[in-house]
Amino acid sequence: MKAQVFILSGRDVGRSFTVEEASRLGRSSECEISLRDRSISRFHAKLECVDGAWFLEDLNSRNGVRRDGRGLKRVEVMDRDEFLLGQLPIRIRIGAEVRVAQPEPVGGAVEFEEEIEFESLEEEAVDLPEIEIEELRSPEEEAVDLPEIEIEELRSPEEEERGGYERRRRELLDSGRRRGFLRGDLAQQPWWIRTIAVVFVLGLFAVLAFFAFKAVEMLRS
């Protein structure tokens, strides 16, 4: 004879468990009936069959097992008895099998007496005449190759004379740079260089004149 445990509320409401000989109820995954309710202990109670009678025993749970408001340690279970495991209500059926009625299909199956065959249509290939397309050439490709004409640069006598003067001027500047600005043409130097050179020369003459004057005084004395 089997027993069935029905959960009446909580997260497991609507679930049912079949017990053949004995099962433990609690939050632990080691229990045969594992329940998800914080008010029950990990190993809360035990439902077992002894000599054809079913008993529900409290396994020293924190919130206990109650029926009709009274705490129970071990009690014989009758068909349709309801208990509280902590705050979780359960109902126990003894020797009853719950059958789930299978709904009958609505309406009968539709049978097709005739099969509809669809003829496959093959596309007929249409032979089209081949069209030859002439290759079009761009105007650049069709351009006529013209011989290259060399044009000599014509210069006037004034331009040639000016060019000679410029060449001479560049040669003088190059020679002045190679020999130094004192030996080169000072006229080709910037004004501030010429000013420094004049001051330097005047200072040099002044120093020489001073030493010459001192030398003359020494000779007279």
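Author: A salt bridge here is a side-chain nitrogen of Lys or Arg within 4 Å of a carboxyl oxygen of Asp or Glu. This is a predicted model, where local features need pLDDT of at least 70, side-chain atom pairs count only at pLDDT 80 or more, and totals for chains, interfaces and linings use all residues. Residues are numbered from 1 along each chain as its sequence is written, and side-chain values use heavy atoms, with hydrogens and water left out.

Reader: How many salt bridges does that rule give?

Author: Side chains of opposite charge can pair when their charged atoms come close. Under the cut-off above, the count is ten.

Reader: Which residue does Glu-48 meet with N and O atoms 3.0 Å apart?

Author: Glu-48 also has a salt bridge to Lys-46, at 3.7 Å from N to O. The 3.0 Å pair starts in strand β5 (residues 45-50) and ends in strand β9 (residues 74-77), so it ties together parts 26 residues apart in sequence. Strands, like helices, are DSSP runs numbered from the N terminus (strands: E, at least two residues; helices: H or I, at least four). The partner at 3.0 Å is Arg-74.

Reader: Is Glu-48 buried or exposed?

Author: Buried means under 20% relative accessible area, exposed over 50%, and partly exposed in between (1.4 Å probe, protein chains only). Its partners Lys-46, at 27%, and Arg-74, at 40%, are partly exposed. Glu-48 has a relative accessible area of 16%, so it counts as buried.

Reader: Which residues join Glu-48 in one network of salt bridges?

Author: Glu-48 bridges to Lys-46 and to Arg-74. Bridges with shared partners bring in one further acidic residue. The network joins Glu-48 to Lys-46, Arg-74 and Glu-57.

Reader: What is the strand order of the open sheet?

Author: Strands of a sheet pair through backbone hydrogen bonds, either parallel or antiparallel. Two strands count as paired if DSSP finds at least two bridges between them. The edge strands, which pair on one side only, are β2 (16-19) and β8 (70-72). With antiparallel pairing, the six strands run β2-β1-β11-β10-β7-β8.

Reader: What is the average twist from one strand to the next?

Author: Axes are lines fitted to C-alpha atoms, for helices over the stretch in contact, and angles run from 0 to 180 degrees between N-to-C directions. By this reckoning the twist averages 35°.

Reader: Which residue in β8 is the bridge partner of Arg-66?

Author: Strand β7 (residues 65-67) pairs with β8 over three bridges, in the antiparallel sense. β7 also pairs with β10, over two bridges, where Val-65 is matched with Leu-85. In β8, Arg-66 is matched with Gly-71.

Reader: Which residue of β11 is the bridge partner of Glu-82?

Author: β10 and β11 pair over five bridges in the antiparallel sense. They form a hairpin with two residues between them, and Gly-86 in the turn has a positive phi of about 70°. The side chain of Glu-82 also forms a salt bridge, 2.7 Å from N to O, with its bridge partner. That partner is Arg-91.

Reader: Along β10, which side chains point to one face and are buried?

Author: In a regular strand the side chains alternate between the two faces of the sheet. In β10, Glu-82 and Leu-84 point to one face and are not buried. On the other face, the buried ones are Asp-81, Phe-83 and Leu-85.

Reader: Which strand gives the most to the largest nonpolar core?

Author: A nonpolar core is a set of buried Ala, Val, Leu, Ile, Met, Phe, Trp, Tyr and Cys residues joined through side-chain atoms within 4.5 Å. The largest has 23 residues, with Val-5, Leu-47, Phe-83, Ile-90 and Ile-92 making the most contacts inside it. Strands supplying at least two residues each include β1 (3-7), β6 (53-58) and β10 (81-85). The top contributor, with four residues, is β11.

Reader: What phi does Asp-51 have?

Author: Most residues other than glycine have a negative phi, and most peptide bonds are trans. Asp-51 lies in the loop between β5 and β6 and is exposed, at 81% relative accessible area. Asp-68, in the loop between β7 and β8, also has a positive phi, near 60°. For Asp-51, phi is positive, at about 55°.
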